[in-house]
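Grab a pencil and work through a few exercises on the model shown here. Try each task yourself before you read the solution.

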Amino acid sequence: MNKKNKNCSLVEALDYKNEDVIFRFTKIFNVTEEEALHIFEQTKKWLWLCSKSVTKEIDIFLFIDDSLLIIDEMWHNFMLFSKDYNSYCFDKFGFFIHHQPTTKRESEKWELNKKANMKNYFENLKKQYNIIYDFLGRETLVIWYNDLANEYTKEKIKLIYK
């Protein structure tokens, strides 16, 4: 792999600030600046963890499920500031972290064998919980899969979208 891993610490990944990312997020979602800052902090944790997956420090394909949708929204928002996002990725990780949504083909394949895929989904989700716990701690796992999951459901995100 031609990824130049800078192996930045979580602290280094989190020390990045961008008021424009926060400002835009509060303009498209009815959230406070404090909430947006919290979501951005969680998004930077997600990106740091993704960097570990890209470099194979962890052997798992990380995925965004419904619990993490608000992190995904912030990630989309951050990526729109493409120069800033690119600089962040290269400065912190040494490579660009791509966002790869589910394709039409992948969705169709999923539907063909939904029962088996649901079993795999829950096995992979358990692995993802363990990785999050091991690398980011219990507090982050609870924030992502309890606090954010309950506060920012699909329905709530639709309601707070301006």
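What follows is a set of short tasks, each with a worked solution.

Before you start: this is a predicted model, where local features need pLDDT of at least 70, side-chain atom pairs count only at pLDDT 80 or more, and totals for chains, interfaces and linings use all residues. Residues are numbered from 1 along each chain as its sequence is written, and side-chain values use heavy atoms, with hydrogens and water left out.

**Exercise 1. Classify the ring pair Tyr-16 and Tyr-88, and say which parts of the chain it ties together.**

Step 1: get the rule straight. Rings of Phe, Tyr and Trp (its six-membered ring) pair if their centres lie within 6.5 Å; planes under 30 degrees apart are stacked, over 60 edge-to-face, and the rest tilted. The model has 16 aromatic pairs by this rule.

Step 2: apply it. The centres of Tyr-16 and Tyr-88 are 4.9 Å apart with planes at 55°, so this pair is tilted.

Step 3: place the residues. Helices here are DSSP runs (H or I, at least four residues; strands are E, at least two), numbered from the N terminus. Tyr-16 sits in the loop between α1 (10–14) and α2 (19–28), and Tyr-88 in helix α5 (residues 82–92), so the pair ties together parts 72 residues apart in sequence.

Step 4: check burial. Buried means under 20% relative accessible area, exposed over 50%, and partly exposed in between (1.4 Å probe, protein chains only). Tyr-16 is buried at 16%, and Tyr-88 is buried at 1%.

**Exercise 2. Do the same for Tyr-85 and Phe-96.**

Step 1: their ring centres are 5.2 Å apart and their planes at 90°, so call the pair edge-to-face.

Step 2: Tyr-85 is in helix α5 and Phe-96 in the loop between α5 and α6 (104–112), 11 residues apart.

Step 3: Tyr-85 is buried at 1% relative accessibility, while Phe-96 is partly exposed at 22%.

Step 4: zoom out. Both belong to one aromatic cluster, whose members include Tyr-16, Phe-40, Phe-78 and Tyr-88.

**Exercise 3. Describe how α6 and α7 cross.**

Step 1: axes are lines fitted to C-alpha atoms, for helices over the stretch in contact, with angles from 0 to 180 degrees between N-to-C directions. The axes of α6 and helix α7 (residues 114–151) come within 5 Å and cross at roughly 105°.

Step 2: that makes the two helices roughly perpendicular (under 35 degrees is roughly parallel, over 145 roughly antiparallel, 65 to 115 roughly perpendicular, the rest oblique).

Step 3: list the contact, meaning heavy atoms within 4.5 Å. α6 brings Lys-109, Trp-110, Glu-111 and Leu-112, and α7 brings Lys-114, Asn-117, Met-118 and Tyr-121.

**Exercise 4. Which element gives the most to the largest nonpolar core?**

Step 1: a nonpolar core is a set of buried Ala, Val, Leu, Ile, Met, Phe, Trp, Tyr and Cys residues joined through side-chain atoms within 4.5 Å. The largest has 46 residues, and Leu-49, Phe-93, Ile-97 and Trp-144 have the most contacts inside it.

Step 2: two or more residues come from each of α2, α3 (33–54), α4 (69–80), α5, α7 and α8 (154–160). The top contributor is α7, with 9 residues.

**Exercise 5. Where does Lys-56 lie, and is this residue buried or exposed?**

Step 1: Lys-56 is in the loop between α3 and α4.

Step 2: Lys-56 is exposed, at 58% relative accessibility.

Step 3: look at the backbone too. Phi of Lys-56 is near 70°, a positive value in a residue other than glycine.
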